[in-house]
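Reader: I should like a close look at a single part of this model, set first against the chain as a whole. Please describe how that part is paired, packed and joined to its surroundings.

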Amino acid sequence: MEEIEKVDLSRYICHFKGNKDQQTLLFVCGIHGNEPMSVLAMEEVSKEIKTQNIRINGTFIGIRGNIKALNVNERYIDYDLNRIWFIDKSNEKSEASEQINELAEKDEILSIINDLIHDKKQNEVIFFDLHTTSSPSVPFITINDTISNRTIAKKYPLATVFGIEEFLNGPLLSYINELGFNAVGFEGGQHIDPNSKENHKAFIWLSLANEGLIDPDLIQVKKARESLKALSKDAYKFFEITYRYEVLPQDHFKMNKGFNNFQSIKKNIPLALSNENEIISKWNNRIFMPLYQSKGDDGFFIIRRIPSFFLGLSKFLRRYNIESFLTLLPGVAIFDKKKHILVVNNNVARLLRNEIFHLFGFRQKIRHSKDLTLYIRREKQ
Ligand SMILES: [Zn+2]
């Protein structure tokens, strides 16, 4: 283990380099500038490793996300850095884009990612994206639903939420999954809560132990597992997002007070105000990430628990050639075999739609035309 000379003091928090054949973990801390707790947590973990001379068997890197925004404690300067990962390069190079802070930050992070994955296989690098929320929250994990992401997430005593990528444009996690690598998001608690820093430290220690970079019997790892387990009532459960309330730029949106993340809600209760109109719940389910800050376009989400039977079934089914099986159904055809994209006739296949496609790992939906929808499979085999 050696501490590498820092290339850029403000981008790298720590960089421990292992052997070529060992596992690599990269943590992105503070991709949102008003979420500094993971940065502080990473600084403390890295300091502890050095002062206690803890052996790291692998490559362990912590970087700052949106540096300029972190310096002013704002979510972003010009654009949300977690929504621009699929912007077409050719559009990026216009004159105006040179002025956009987040495109420059993205380029720097991207070159770090590209260096890391160069000549690596899928399971040799894992990316972690660390966040906090505007409302009080127990810590939880978010992933794109692939079997290999699930395998990583299952090792933590935390709830895991699937499907955010269907509702967000251009998040980092989806971009990394598209590159064919595993990526796990962690939400450590509320932005300003000092406990969030402790949760991030626990998550980092546990990740290092889960992936074999440190001794799992270290006191830090034991404490980390206990503290996260004590916080999460939904440990080891999986949820999927079924609805997103989108806040439009011209909207004046105000969430009603008192909603916590993962809280059960009933039908017909008032949830928020939008332009003086009440938004009434249509769901007997759980509310997820209610918006209590001025910036952001996700008002709230609705989630539901996925029974473990379905998790097992879908894992089983995904081993087989699903695409050709699904094309036996009416209104379903292969659109792009290599990219695992199916095209579905909206009129014929109404009954199957989301639930069946989710089960088989087709989570990303694109409306192709009035009559056709494309479903893209997450696993790239
Ligand atoms: Zn965030």
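Author: Helices and strands are here DSSP runs, at least four residues (H or I) for a helix and at least two (E) for a strand, and they are numbered from the N terminus. On that basis the protein chain contains eleven helices and 19 strands. The model is a predicted one.

The whole chain provides the setting. Its radius of gyration is 21 Å, which agrees with the value near 21 Å that a compact globule of 381 residues would have. The C-alpha trace spans about 65 × 50 × 50 Å along its principal axes. Of the 381 residues, 40% are buried. Among contacts with a separation of 6 or more, 68% join residues that are 24 or more positions apart.

Three domains divide the chain: domain 1 covers 2-236, domain 2 covers 239-305 and domain 3 covers 320-377. Domain 2 is the part examined here. The C-alpha centre of domain 2 lies 26 Å from that of domain 1. At the boundary between the two, 17 residues of domain 2 are in contact with 14 residues of domain 1. On the domain 1 side, strand β7 (residues 159-162) supplies the largest share, with three residues. That side consists of seven nonpolar, five polar and two charged residues.

The account now turns to a sheet and its strands. In general, the strands of a sheet pair through backbone hydrogen bonds, in either a parallel or an antiparallel sense. Here, three strands form an open sheet in the order β10-β12-β13, and their pairing is antiparallel. β10 and β13 (277-280) are the edge strands, each of them pairing on one side only. From one strand to the next, the twist averages 30 degrees. Three bridges connect β10 with strand β12 (residues 270-274) in the antiparallel sense. Within this arrangement, Met255 stands opposite Ala272 in β12.

Both Met255 and Ala272 recur in the surroundings of Gly299, a residue of strand β15. Apart from neighbours within four places in sequence, Gly299 is in contact with Tyr245, Glu246, Val247, Phe253, Met255, Ala272 and Leu291. Gly299 and Met255 are 44 residues apart along the chain, yet 7.5 Å separates their C-alpha atoms. A residue is buried if 20 or more other C-beta atoms lie within 10 Å of its own. Gly299 has 21 C-beta neighbours inside 10 Å and therefore counts as buried.

Two loops deserve attention for their backbone angles. Most residues other than glycine have a negative phi. Phe262 has a positive value, with phi near 75 degrees. The loop that holds Phe262 runs between β10 (253-255) and β11 (264-265). Met289 likewise has a positive phi, near 50 degrees. Its loop lies between β14 (285-288) and β15 (298-305), and β15 is also the strand of Gly299.

The surroundings of these two residues can be set side by side. Phe262 counts as partly exposed because it has 19 C-beta neighbours inside 10 Å, and the limit for burial is 20 or more. Met289, by contrast, is buried, since 25 other C-beta atoms lie within 10 Å of it.

Taken together, the strands and loops can be followed from β10, which pairs with β12 over three bridges, to Gly299, whose contacts include Met255 and Ala272.

How values were computed
Residues are numbered from 1 along each chain as its sequence is written. This is a predicted model: local features need pLDDT of at least 70, side-chain atom pairs count only at pLDDT 80 or more; totals for chains, interfaces and linings use all residues. The radius of gyration is taken over C-alpha atoms; the globule rule is 2.2 Å times the number of residues to the power 0.38. A residue is buried if 20 or more other C-beta atoms lie within 10 Å of its own, exposed if 12 or fewer, and partly exposed in between; C-beta atoms are placed from the backbone. Two residues are in contact if their C-beta atoms, placed from the backbone, lie within 7 Å. Domain bounds come from an automatic or database domain assignment. Ala, Val, Leu, Ile, Met, Phe, Trp, Tyr, Cys and Pro count as nonpolar, Asp, Glu, Lys and Arg as charged, and the others, Gly among them, as polar. Two strands pair if DSSP finds at least two bridges between them. Axes are lines fitted to C-alpha atoms, for helices over the stretch in contact, and angles run from 0 to 180 degrees between N-to-C directions.
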